[in-house]
Amino acid sequence: MWPTAKDLLDNLQIQGFASQAFMATSDNDVFGNTDEGGGFGFTELGLNALFSPHSRLQLSAQMLSRRAGKDNTGVPRLDFAFLDYRLYSHEANQFGIRFGRLKNPFGFYNDTRDVPFTRPSILLPQSIYFDRTRNVGLSSDSIQFYGETSNAKWGDFAIQFGIIRPIVDDRDTEISLLGPRLTGNLSPDVSLIGRGLFETPGKRFRLAVSGIWFNADYKPGVKEAGLINPGSIEFSPIYVSAQYNTERWTLTSEYALRKFRYTDFDVTDLDILDFYGESFYFQGEYRFNHKWEALIRYDVLYTDRSDRDGSEFAALRGKPAHSRFAKDLTVGLRWNITPRIMARLEYHRINGTAWLAPLDNPDASMTSKNWNLFAAQLSFRF
């Protein structure tokens, strides 16, 4: 029997969110010009739909408008749009396939990082979830396979594996990976991603291991013809994530080891960019009651783990050593005003500038090593 129009409408869900933040920094710029009294340059608007025409078939999509610095001007973009078909579903086990534009499954927060209510803070730990290369990290055009199994005694286990085509067409990503001097274009190459997640009953303990094998090609611009060879970039990070939950506390830590490899460019500046980066953070969340939550986090990023203080880079390039690391101590407060309205306050004390967006801070020599960031955010969902 074919479903009626009423049945189809009953299986359609539409949701959305809106968020506005105020950000001020003592030095350096984050999401716009923030070091001169601050500004309201961070705005997020999202509208998503979920449609289930069949018990095994689901279609999901979201449009997102994000204003955050020079490379995110608020122009609406397709955040994700995919088809999910469960090939097998029986009691506590299921296996399926998804294809379209999908969220990249890595870590604990990347799948839902664009929704303010699902983040633990206004800014996610930048050592793991870079906002300066957000578009390439958030989602990709891909086909993914997933499997889930649940056991009342031991817990739940989920695995995802995808063949992806990265999104590398924004200027922030190009500058972050290649620097401002090169004027050609990046193009995506076949890449892989995967994550395994284990949760004990009640989600008391959560453990995850994620990995990415990212590949992109570079084609020189017209002015670079004969001076720079076409090249390729391989980025292969591994993430280990752990979380412990109680009624009032959530303790979370994630660690990443990131391998970068540049080949065939035949450019001195890029030939040395064959290195391992390292990142980690420790985070605690405390729930006073259902309305108030506090957060404290220590977040560390080393662009090159063999040159953690950036001194070798500074001697070779003549650029600030502090542009190669960042250590961020964060405290925050969340107020759930109603189930649909949330307010946040956040303070960051930061040493280093490794995760600053290059478009907002084009001259690294003008950035300050030690700086403060204050943020306030009001969010609404429906």
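Visitor: Which residues lie nearest the centre of the largest cavity, and how should a cavity be read here?

Guide: A cavity is a set of points, on a 1 Å grid over the protein atoms alone, where a 1.4 Å probe fits but cannot get out, and lining residues have an atom within 4 Å of a point. In this predicted model, local features need pLDDT of at least 70 and side-chain atom pairs count only at pLDDT 80 or more, while totals for chains, interfaces and linings use all residues. Residues are numbered from 1 along each chain as its sequence is written, and side-chain values use heavy atoms, with hydrogens and water left out. The largest cavity is lined by 15 residues, with Val30, Phe31, Asp131, Arg132 and Ala357 nearest its centre, and its volume, the space filled by probe spheres set on grid points joined across faces, edges and corners, is about 140 Å³.

Visitor: What is the volume of the second largest pocket, and which strand gives the most to its lining?

Guide: A pocket, by contrast, is an open set of points with protein on both sides within 12 Å along at least five of seven lines. The second largest pocket has a volume of about 1,100 Å³, and among its 43 lining residues Phe82, Arg98, Lys103, Asp111 and Thr112 are the closest to its centre. Strands are DSSP runs of E of at least two residues and helices runs of H or I of at least four, numbered from the N terminus; S7 gives the most to this lining, with five residues.

Visitor: Is Pro76 buried or exposed, and which residues does Pro76 touch?

Guide: Buried means under 20% relative accessible area, exposed over 50%, and partly exposed in between, with a 1.4 Å probe and protein chains only. Pro76, placed in the loop between S3 and S4, counts as exposed because its relative accessibility is 56%. Taking contact as heavy atoms within 4.5 Å, Pro76 touches Met63, Leu64 and Ser65, not counting residues up to four places away in sequence.

Visitor: Which residues have the most contacts inside the largest nonpolar core?

Guide: In soluble globular proteins, nonpolar side chains tend to be buried together. A nonpolar core is a set of buried Ala, Val, Leu, Ile, Met, Phe, Trp, Tyr and Cys residues joined through side-chain atoms within 4.5 Å. The largest has 30 residues, and Leu177, Leu178, Leu186 and Phe214 have the most contacts inside it, whereas S10 is the element that gives the most to this core, with five residues.
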